[in-house]
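User: I'd like to practise reading a protein model feature by feature. Could you walk me through one?

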Amino acid sequence: MGKVTKFGDDGEEVTMKETPTSHQPEAHDDVSMADAGEEGEEGEEEFEEETSKVRLLPGSTPTAASFEFLEENHTLGNALRYVIMKNPDVEFCAYAIPHPSEAKMNVRIQTYEGTTAVEALRKGLRDIQDLCDVVSEKFLEARQEFTEKKAAASA
């Protein structure tokens, strides 16, 4: 493949192979979710697992940010977009799968002043988790009730 010459932010010439951006080395100015405001000893441990799965993409501001999720697809993307848009502090939320052959999903969140995109993402993920817990609980209760009715009918 040929080479492309680009100029970095500092004006210095940078030569890169013509490869998709997903196959190029990661930029050093990326910020992990853990660097974006997580504090406390327990929070850091908990977030270490997520930092390998979610990262804050460069060029983000506190109220407008893009996140990259690894090993995720439309299942989480559409649900997360829907739940985040229910938040009245969120102005815009969308997701995209950059390429079907790559297991990556990007989420863009823009919030009104007073909250951050990182906070909106965390709230959206918590809301999905709470929703899944309720659905699981209701399913288990219904299954138990069905099993009891079936046992009573056969006795």
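User: Where does Glu71 lie, between which elements?

Analyst: Happy to start there. This is a predicted model, and in it Glu71 sits in the loop between β5 and α2. Its backbone deserves a look: Glu71 is not a glycine, yet it has a positive phi of about 60°.

User: Is Glu71 buried or exposed?

Analyst: The cut-off for exposed is over 50% relative accessible area. Glu71 has 60%, so it counts as exposed.

User: Let's step back. What pattern does the protein chain follow along the sequence?

Analyst: Reading from the start, the order is β-β-β-α-β-β-α-β-β-α, which comes to three helices and seven strands. The chain has 155 residues, and 25% of them count as buried. About 11100 Å² of the chain is exposed, with carbon and sulfur atoms supplying 52% of that area. For contacts with a separation of 6 or more, 46% are between residues 24 or more positions apart.

User: How should I read confidence, and what is the average pLDDT of the protein chain?

Analyst: The average pLDDT is 79, and 67% of the residues score at least 70. Two stretches call for attention. Residues 1-7 have pLDDT below 50, although the model gives this stretch 20 contacts beyond near neighbours in sequence. Residues 37-45 are also below 50, with five such contacts in the model.

User: Now the interior. Which residues have the most contacts inside the largest nonpolar core?

Analyst: The general idea is that nonpolar side chains tend to be buried together in soluble globular proteins. Here, the largest nonpolar core has 19 residues, and those with the most contacts inside it are Phe67, Phe69, Leu80, Ile84, Val107, Ile109 and Leu121. At least two residues of this core come from each of β4 (54-56), β5 (64-70), α2 (74-85), β6, β7 (104-111) and α3. The largest share, five residues, is supplied by α3.

User: Which residues does Leu80 touch, not counting those up to four places away in sequence?

Analyst: Leu80 touches Phe69, Val107, Leu121, Gly124, Leu125 and Ile128.

User: Which residues of α3 are buried?

Analyst: A helix has its own rhythm: with 3.6 residues a turn, residues three or four places apart point the same way. In α3, the buried residues are Ala117, Val118, Ala120, Leu121, Arg122, Gly124 and Ile128. The helix itself covers residues 117-154, 38 in total, and spans 55 Å from first C-alpha to last, close to the 56 Å expected.

User: How many disulfides are there?

Analyst: The test is a pair of cysteine sulfur atoms within 2.5 Å, and the count comes to zero. The burial of individual cysteines can still be read. Cys93 counts as buried because its relative accessibility is 6%, whereas Cys132, at 47%, counts as partly exposed.

User: One last residue: which strand holds Ala96, and what is Ala96 in contact with beyond its neighbours in sequence?

Analyst: Ala96 belongs to strand β6, residues 90-96. Setting aside neighbours within four places in sequence, Ala96 is in contact with Met105 and Asn106. Its relative accessible area is 39%, so Ala96 is partly exposed. You can also compare sequence with space here: Ala96 and His74 are 22 residues apart in sequence and 8.3 Å apart from C-alpha to C-alpha.

Key. Residues numbered from 1 in each chain as written. Predicted model: local features only at pLDDT ≥ 70, side-chain atom pairs only at ≥ 80, totals over all residues. Heavy atoms only, no water. Helix = DSSP H or I, 4+ residues; strand = E, 2+ residues; numbered from the N terminus. Expected span 1.5 Å × (residues − 1). Buried < 20%, exposed > 50% of the residue type's maximum accessible area, 1.4 Å probe, protein only. Contact = heavy atoms within 4.5 Å. Areas by Shrake-Rupley, 256 points an atom, 1.4 Å probe, with all protein chains shown as cover. Core = buried A, V, L, I, M, F, W, Y, C linked by side-chain atoms within 4.5 Å. pLDDT = per-residue confidence, 0-100.
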